[in-house]
Amino acid sequence: MNNISSIIKLKDITYFYPGSTKKVLDHLDLEINPGDRIGMMAPNGSGKTTLLHTIMGLCKPASGTIAIFGKVLTQERDFLPVRSKIGLLFQDSDDQLFCPTVLDDVAFGPLNLGFSQKDAGDIARNTLEKLGILSFEHSITHRLSGGQKRLVALAAVLAMAPEVLLLDEPTAGLDNTVKNTLIHILNGLDISYFVISHEFDFVKAVTDKIYSMENGRILTDNDIHIHRHEHVHKYGKQPHSHK
Amino acid sequence: MIEEKFASGQSLIHQLDPKIRILTSIVLSVATALCDHLYLAGIYFLISIGLILMAGLNGMDVLKRLKPLFWFLLMIWIILPLSFDGETMVRLYGLKLTAPGVILCCKITIKSITILLIFTALIATMTIASLGNGLHRIHVPDKMVFLLLMSYRYISVIESEYKRLLRAAKFRGFTPKTNLHSYKTYAYLAGMLFVRASVRAERVYQAMLCRGFNQKFHTLDVYPSNRLNSKFLTGISVASLSLVIIEIFWV
């Protein structure tokens, strides 16, 4: 595969938590190419969220290179322009929605990108309409339900027209109706994405390949083969191998 | 949960630009606070009643909003007439009520109610979002506007976090009593709340960075220029100014 065409390319990334000597990411390599729809299923604490934050430049790795759109990024300054091209959906929507009303929040990204008030408002409304939640336009953000917040947060990310989406457990705490809505929305998108989730059915419904993580490294689907079978042992819900 | 009960409406006041409403409320309340004459304070009071009527607010609801103020005023009415120096007005069971004390109480009562009514009519009739927008446009520093908007957004999140912690403590058999263990538990709760709030603040900031935040505050609201705005601002300013002049030269 041509390296220059990859959207995100992590090479040899090592990351420690501040004040700790345990490697969360250990010489990790990851490549996301246009059109990729990758799922990531791994146990809690294996460094999935850290991985996403490293891609966004929110966690500074101790070693290794991060290349996004073929450009190696090292400083905070380098990350600024690419952040709008990568949409990160946070685990907790309350972290992401900080404006008083839904429309303000969805328009926040476009306004930062320099769109005029009118254009930003139009973009926000269009995005809400695409996700079928235009009726929330004037709702007060903190009064929405968990599922509504998740959809609005997704709209907020999509309003910036990213080229790749990183989703951090998008289904956590949601009921089946919202989950199905999410599946429908994700399958309708024409951009690449990388989904972290614990839910096999969801990952299977929205992705083409499934990765896992172990000891700070990524196991690609050549190494793992996820399937469902009856279980009694303790790792039944998590990716595992039988020897 | 913060209710914005008065924020929706179609009255004359609701149609005014938030900026204008903030400015007029500042002008009027400063003039009221500086006024030192009982009858003139009465005129300000009538103006504030007029504004409440213009905003079309429910009288009972407005009275409910004034309730905390009434407790404060009650305290003043108990203390001041008895303790203020001056000519004795009434003697009651060996206690002296002084005339200047009673007059001062009247002034404080009228002025404080007036100022609160002005703010209810002009400021409480807009959403926090519009208030932030208005403050931004009268050049209040962005940091302060952000502080207001963020507090409004996250106060309920922090409240629910506090409730969750308290519930978790209660489920493990915690019953508040007057002892060291209870105080310690509450101190832990408060400490934990601070820790969580600061961790959340960091995550919110990261989320803002991810969406291209560059320390600038943009807003969507556009208020069409309305001829009412300038008329209202001029009217209120002229009224306050003339009352101030009357007080200085004639009273």
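This section describes a sheet in chain A and a helix in chain B of a predicted model.

In chain A, six strands form an open sheet with mixed pairing, arranged in the order β6-β7-β8-β3-β9-β10. The edges are occupied by β6 (86–89) and β10 (217–219) of chain A; each has a single partner strand, so one side of each is left without a neighbour in the sheet. From one strand to the next, the twist averages 20 degrees. Helix α6 (residues 146–158) of chain A packs on this sheet, where it touches β6 and β7 (164–168) of chain A. The direction of this helix makes about 165 degrees with that of β6(A). For the β10 edge, the pairing is with strand β9 (residues 209–214) of chain A, in the antiparallel sense and over three bridges. Within this part of the sheet, A:Glu214 stands opposite A:Arg217 in β10(A).

In chain B, helix α6 (residues 128–137) is mostly covered, with seven of its 10 residues buried. The buried positions are B:Ala129, B:Ser130, B:Leu131, B:Gly132, B:Asn133, B:Gly134 and B:His136. The cover over these residues includes elements of both chains: α4 (102–112) of chain A, together with α2 (18–34) and α7 (142–171) of chain B. Just after α6(B), B:His139 adopts a positive phi of about 65 degrees.

Terms used. Residues numbered from 1 in each chain as written. Chains lettered and ligands numbered in written order. Predicted model: local features only at pLDDT ≥ 70, side-chain atom pairs only at ≥ 80, totals over all residues. Pairing = 2+ DSSP bridges. Helix = DSSP H or I, 4+ residues; strand = E, 2+ residues; numbered from the N terminus. Axes fitted to C-alpha atoms, helices over the stretch in contact; angles between N-to-C directions. Contact = placed C-beta atoms within 7 Å. Buried ≥ 20, exposed ≤ 12 C-beta atoms within 10 Å, placed from the backbone.
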